[in-house]
Amino acid sequence: MNHWMQILATHYGRMQARYDGRPLIILFDIDGTILDMRFMIYNVLKRFDKDNDTDHFEDIAVSDIDFHEEHVTGFLDRLKLSRDHQLKILYRYEPLFLALAADPYSHAPFGGVFEVIRWFQDRPDTFVGLNTGRPELLRKDTLVSLNVLGARKGVAFPRDLLFMKPDSWQGSVASLKAEGVRYFQRKGYRVCAFIDNEPENLRAVADMDGPGEILLLHADTIFKSDFRTIPDHAVQGKVYDISTLVNTRHDTNHFTDDDGLLKRTA
């Protein structure tokens, strides 16, 4: 069965052949796609204990974080914390989350993701853009954080290749993801692929992609929207394996429009 990164490389090769010399762009979501949000949640909970001289989360490990960052209440229930303690934690959770979102040392990228991004950034006429639900007020902090994390892998993200939510964290993100795709298209890029962990975001982009040429990839990490909303032609995976890109043939004479490649894969 084809690996999702191999399918991405093959689709990219077809797009290179189709739009020779025109700028192509691969779009990545950030949280849950580039960054493993389990580490962020873990650090928020540990910071709460440190700031409040409590030990609610003394025994938790990153591997215990199996929930979306907006679903922390259920985790507090599982820890059997009193309602009073839960309310105090929830009152501080979002401010701590926002504060640590800007700290690169509170984050950890998924293994191999920066190597994959660097591979595309090294290709001619090819760019990597960020299409995120993070609010505009975090633009500077987001770029600093990602560029600190990516520097060791030779990855850098410029300001103009980051599309963000114009207001706060609250509200629908899915429609903004489609607007993010249009933003890059208006800048003259041909969007080759979009990678996101939220099924509803992939659905929104599928619904606006008239030609159907944007390869949709579901990062099967932790997500909150309904899995059943993933478009049928989306590709699924979770391991960013650079070897599958390096070993894919990129002689564009050998690429075809075989629809059989655009299927979900493990």
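**Exercise 1. Salt bridges**

Task: Find how far apart the closest N and O atoms are in the salt bridge of R139 with E136.

Solution. The closest N and O atoms of R139 and E136 are 2.5 Å apart. That fits the salt-bridge rule (a side-chain nitrogen of Lys or Arg within 4 Å of a carboxyl oxygen of Asp or Glu). The model is predicted: local features need pLDDT of at least 70, side-chain atom pairs count only at pLDDT 80 or more, and totals for chains, interfaces and linings use all residues. Residues are numbered from 1 along each chain as its sequence is written, and side-chain values use heavy atoms, with hydrogens and water left out.

Next, burial. The classes are buried (under 20% relative accessible area), exposed (over 50%) and partly exposed (in between), with a 1.4 Å probe and protein chains only. R139 has 11% relative accessibility, so R139 is buried. E136 has 30%, so E136 is partly exposed.

Then the total. The rule gives 16 salt bridges.

**Exercise 2. A long-range bridge and a local one**

Task: State where K224 and E70 lie and how many residues separate them.

Solution. Start with the contact. K224 and E70 form a salt bridge with closest N and O atoms 2.8 Å apart. K224 is in the loop between β5 (215–219) and β6 (235–237), and E70 is in the loop between α2 and α3. They are 154 residues apart, so the bridge links distant parts of the chain. Helices (H or I, at least four residues) and strands (E, at least two) are DSSP runs, numbered from the N terminus. K224 is partly exposed at 38%, while E70 is exposed at 52%.

Now the local case. E179 bridges R182, with closest N and O atoms 3.2 Å apart. Both residues sit in helix α7, three residues apart, about one turn of the helix. E179 is partly exposed at 26%, and R182 is partly exposed at 31%. Elsewhere, R18, R190 and E213 are joined into one network by salt bridges that share partners.

**Exercise 3. Aromatic pairs**

Task: Classify the ring pair F163 and Y183 as stacked, tilted or edge-to-face.

Solution. A ring pair is described by the distance of the centres and the angle of the planes. Rings of Phe, Tyr and Trp (its six-membered ring) pair if their centres lie within 6.5 Å; planes under 30 degrees apart are stacked, over 60 edge-to-face, the rest tilted. The structure holds 12 such pairs. For F163 and Y183 the centres are 5.3 Å apart and the planes at 40 degrees, so the pair is tilted. F163 is in strand β3 (residues 162–165) and Y183 in helix α7 (residues 174–186), 20 residues apart. Y183 also pairs with F184: centres 4.9 Å apart, planes at 80 degrees, so this pair is edge-to-face. F163 is buried at 11%. F184 is buried at 0%. One aromatic cluster takes in F127, F163, Y183, F184 and Y189.

**Exercise 4. Positive phi**

Task: Say where D53 and K80 lie, given that each has a positive phi without being a glycine.

Solution. D53 has a phi of about 55 degrees. D53 is in the loop between α2 and α3, and is exposed at 73%. K80 has a phi of about 60 degrees. K80 is in the loop between α3 and α4 (83–101), and is exposed at 73%.
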